[in-house]
Amino acid sequence: MTGLHPHEPVFRQPPELPAPPQGTSPYELGDTLPARWYNDPEIWQRERWPIFGSNWVHVAYDHQLRNPGDYVTENLAGWPIFIRRKDDGSLTAFYNLCPHRAGPLVFEGEGCSKNVVCKYHGWAFNADGKLLSARDFGTAAPDDMDLTTIQVASWRGMVFVCLNPATPPLLESMGGFPAELAHVPLETYRFHSRSVRHVACNWKTYGDNFLEGYHLPTTHPAMSRDADALHYKVTYKGDPRWNIHTMPPRDGSTFGVFGYFWPTYAFDVFPGGFAVERWLPRGHTHSDLIFEYFFHDDAEGVEDIVKFSEEVADEDARMCEHVQRNLDAGHYNVGVLSPKWEYPLKVFHGLVRDAVGDVG
């Protein structure tokens with residue numbers, strides 16, 4: 001089935017990235033995105049397809065899809081989707097709606113469904129989404145009533161989807177990013193726990209927060225004592241869609257290395273473990289901030305590490321909600337970006353502007 005959205009397929013190769021400033025480089029001040037871009041539903045609608053429909057977004061894990069028929073649902077920027085494991089072990093993904101009258105194929109969450117049958121009227125589809133039977137329909141079903149497939153791929157146990165069929169495959173799209181995690185033994189780690197915060201902020205408000213270390217000494221004093229936050233560094237390697245963050249460690253530091261991939265994927269490397277940090281938009285006013293923790297069986301101090309990370313996440317969520325309320329209040333319009341600390345926001349805002357275009 002086609003025609004689920006009014007947009008033409010969009011994919012743009014990332015532009016070349018200028019060399020970022022080091023230390024106190026004399027880069028000129030930059031302007032932030034206007035406040036309107038964080039609370040206007042029209043801009044949110046313009047963001048959805050070029051940003052969340054046309055890029056690879058992390059939505060699940062292989063460990064949630066171990067057996068044939070296992071599925072996981074997600075609401076991806078407003079589009080209901082599900083990923084399912086086939087009998088041959090491969091993954092498929094579809095919009096979670098029947099072409100008959102938009103009924104769900106599976107209900108929200110995780111589960112196992114040996115067959116793909118609409119929960120509303122019982123239309124049945126094969127594992128590849130082809131219509132098998134339009135139950136008691138009274139006549140032959142029209143042509144082109146198959147499920148709409150979605151690109152899906154797994155990378156090192158993490159499952160990504162992309163709605164736009166014109167976007168290149170996952171590994172091609174990731175460019176040099178996978179090499180930055182080549183030294184981290186992810187396959188030896190086990191899932192530990194997951195937390196979800198329903199944060200009253202636009203997805204870009206949290207993205208701005210993640211992408212700079214300027215706020216660490218004032219927003220995260222304990223984290224700043226744990227590692228050397230005053231020498232926080234963001235490194236680019238030619239692709240504006242991803243970057244690596246480092247803080248010089250102190251003895252026994254919990255934090256030290258982070259990474260980001262456009263639009264809403266991030267990771268934290270811990271002693272003996274790893275966390276995925278992602279923020280998925282729930283409309284233009286709220287985001288789900290999701291942390292998933294993984295550790296080696298021999299890792300030490302796991303509960304303390306998770307507790308510390310969760311405290312930092314609480315501080316971030318609280319601050320982002322305060323910032324969002326101020327963005328919504330009507331007094332603030334455009335701010336300025338530090339050439340020393342907030343160059344990553346300039347890059348991030350450039351990607352957003354490129355995707356959304358001129359909004360007048």
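## Cysteines

A disulfide is a pair of cysteine sulfur atoms within 2.5 Å. This model, which is predicted, holds 0 disulfides. For cysteine 201, the closest cysteine sulfur belongs to cysteine 320 and lies 4.9 Å away, so the two are too far apart for a bond. The search from the other side gives the matching result: the closest cysteine sulfur to that of cysteine 320 is in cysteine 201, at 4.9 Å, and this is too far for a bond.

Both residues of this pair can also be described by their accessibility. Cysteine 201 counts as buried because its relative accessibility is 0%. Cysteine 320 has 2% relative accessibility and therefore counts as buried.

## Strands S13 to S15

Strand S14 covers residues 242-246, and 4 of its 5 residues are buried, so the strand is largely enclosed by the rest of the structure. On one pairing, strand S13 (residues 233-235) runs antiparallel to S14 and is joined to S14 by 3 bridges. Within this pairing, valine 234 has histidine 245 of S14 as its bridge partner. S13 and S14 form a hairpin with 6 residues between the strands, and glycine 238 in this hairpin takes a positive phi near 100°.

S14 also pairs with strand S15 (residues 257-261), in the antiparallel sense and over 5 bridges. Here threonine 246 has valine 257 of S15 as its bridge partner.

## Strands S15 to S17

The pairing continues from S15 to S16, again antiparallel, over 5 bridges. These two strands form a hairpin with 3 residues between them, and phenylalanine 261 stands opposite tyrosine 265 in S16. Strand S16 (residues 265-270) is mostly covered, with 5 of its 6 residues buried.

S16 is in turn joined to strand S17 (residues 273-281) by 6 bridges, and the two run antiparallel. Phenylalanine 267 has valine 276 in S17 as its bridge partner. The hairpin of S16 and S17 has 2 residues between the strands, and glycine 272 in the turn has a positive phi of about 75°.

## Nonpolar cores

In soluble globular proteins, nonpolar side chains tend to be buried together. In this model the largest nonpolar core has 75 residues, and Trp203 and Met247 have the most contacts inside it. Helix H6 (residues 302-329) gives the most to this core, with 9 residues. A second core of 21 residues is separate and includes Trp155, Met174, Val184 and Tyr265.

Leaving out residues up to four places away in sequence, methionine 247 touches Leu216, Met223, Ala227, Asp228, Ala229, Tyr232, Phe255, Gly256 and Phe258.

## Largest pocket

The largest pocket has a volume of about 490 Å³. It is lined by 23 residues, of which Asp208, Glu212, Val323, Tyr332 and Leu345 are the closest to its centre.

Several elements each supply at least two residues of the lining of this pocket: helix H3 (203-210), helix H4 (216-219), H6, strand S19 (336-337) and helix H7 (343-356). The largest share, 5 residues, comes from H6. Helix H6 thus appears in two of the descriptions above, as the element that gives the most to the largest core and as the source of the largest share of the lining of the largest pocket.

Definitions and conventions
Residues are numbered from 1 along each chain as its sequence is written. This is a predicted model: local features need pLDDT of at least 70, side-chain atom pairs count only at pLDDT 80 or more; totals for chains, interfaces and linings use all residues. Side-chain values use heavy atoms; hydrogens and water are left out. Buried means under 20% relative accessible area, exposed over 50%, partly exposed in between (1.4 Å probe, protein chains only). Helices (H or I, at least four residues) and strands (E, at least two) are DSSP runs, numbered from the N terminus. Two strands pair if DSSP finds at least two bridges between them. A nonpolar core is a set of buried Ala, Val, Leu, Ile, Met, Phe, Trp, Tyr and Cys residues joined through side-chain atoms within 4.5 Å. Contact means heavy atoms within 4.5 Å. On a 1 Å grid over the protein atoms alone, a cavity is a set of points where a 1.4 Å probe fits but cannot get out, and a pocket is an open set with protein on both sides within 12 Å along at least five of seven lines; lining residues have an atom within 4 Å of a point. Grid points are joined across faces, edges and corners, and a volume is the space filled by probe spheres set on the points.
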